[in-house]
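Visitor: I am new to reading structures. Can you walk me through one?
Guide: Gladly. Here it is.

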Amino acid sequence: MAVWLIPGIIAFVIAAGVYRKVNIYDTLTDGAKEGLHTWIAIVPQLVIMMAAVAVFRASGAAAWLASLFAPITSLFGIPPEVVPLAIIRPISGSATLAMLDQIMREFGADSYIAKLAAVMQGSTDTTLYVLAIYFGAAGIKKTGDALKIGLLADAAAFISAVFAVTWLL
Amino acid sequence: MDEIEGGDPLMVSAAFAFLLLSGFVFAAVNGTMADVNTALFQSMEQSIQLALSLAGVILFWTGVMKTAEAAGLVRSLATIVQPILRRLFPDIPNSHPVFGLIASNMAANFFGLGNAATPIGLRAMRELRQLNGDKDSASRSMITFLALNTAGVTLIPTTVIAIGLKHGATNPADIILPAFLATFISACFAIVIDRHYARKRSG
């Protein structure tokens, strides 16, 4: 069923564009140009963060950190290998993208750990970044329970990811 | 929000320093410095490969989603979610224009239009501040709005699919449904705990 989703969405968007008499070729290429700016902005982040993630993993520090958390995460059925990703996810999207890349390289893209890491990455956002720019722009200094709620929601997403991957894949 | 971005500057710097320095210290103690050297230089090539494998999908998908916006689909979705928002934000007067901004922000995020969602979200935030008597503390509505935003409900996590494809996943798109389910549960959970904390604050 999942294979129908992306073609279906693209077909729906293009059909809606044609129906509403949108110059779709222009909006597609203009959007792609905007995407190019996004991409250029993330390349330096990926290069820099990938280096730190690579050192962290190759040194064995990642595995050690994972083993520290293993007694807690095993209660929720979370494999310890994805613990560093879960910890860094609210802080930096590029760092976890780099981690996801390395997890897939090490365990294989079809492994349970890789699928789980992918779902964890895809179902959450960079919570601290969102808080920083939204509250920063509005000049809010006392942020109340926002951080706590955001991080608890991330934790909920990670635990749900375990069940979702187990049941749906 | 976008799936990929920098982050809170101080926290990102701290995360970077932690990953790198703890890695070096660990390598020194455990005798894995040779592996670290190799991995460090490999990473520089791998990061460019990763960036290249993401370029096409980011460009193409932004194009498709810009078309969805031009065809009025983001607006349609915003209209659909508005009535639900009234229940989530009981403190905002019923016909206040900020509902439109919040709905557009959520709709743009849903379609993965991070660049479009952020400015709308910031405008919504400033409106919410005015509604809160221009105080510099977060109101209940602001916290609810951020909880919805950080839960990050996105239709298709395209970059994640692209990474799966790069590493030879048999069906890289099969993560869409589980990711959507997990993000949906986390958004619902965010709303529930937001209510809980709001009740606790008001005593």
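Visitor: Is B:D134 buried or exposed?
Guide: Count the C-beta atoms around a residue; 12 or fewer within 10 Å means exposed. B:D134 has 9 others within 10 Å, so B:D134 is exposed. Keep in mind that this is a predicted model.

Visitor: Where is B:D134 found?
Guide: In chain B, in the loop between α5 (114-131) and α6 (140-151). Check its backbone too: phi of B:D134 is near 60 degrees, a positive value in a residue other than glycine.

Visitor: What is phi of A:K21 near?
Guide: Near 60 degrees, and A:K21 is not glycine either. A:K21 sits in the loop between α1 and α2 of chain A. A:K21 counts as exposed because it has 8 C-beta neighbours inside 10 Å.

Visitor: Why does B:H167 count as buried?
Guide: Use the other cut-off: 20 or more neighbours means buried. B:H167 has 21 inside 10 Å, so B:H167 counts as buried. Yet B:H167 lies in a loop of chain B, between α7 (158-166) and α8 (176-201).

Visitor: Which residues is B:H167 in contact with, leaving aside its neighbours within four places in sequence?
Guide: Look across to chain A: A:M104, A:R105 and A:A109.

Visitor: How many residues does the contact take from chain A and from chain B?
Guide: Chain A gives 97 and chain B gives 95. On the chain A side, α2(A) gives the most, with 27 residues. Sort that side by class: 61 nonpolar, 23 polar and 13 charged residues.

Notes. Residues numbered from 1 in each chain as written. Chains lettered and ligands numbered in written order. Predicted model: local features only at pLDDT ≥ 70, side-chain atom pairs only at ≥ 80, totals over all residues. Helix = DSSP H or I, 4+ residues; strand = E, 2+ residues; numbered from the N terminus. Contact = placed C-beta atoms within 7 Å. Nonpolar A, V, L, I, M, F, W, Y, C, P; charged D, E, K, R; others polar.
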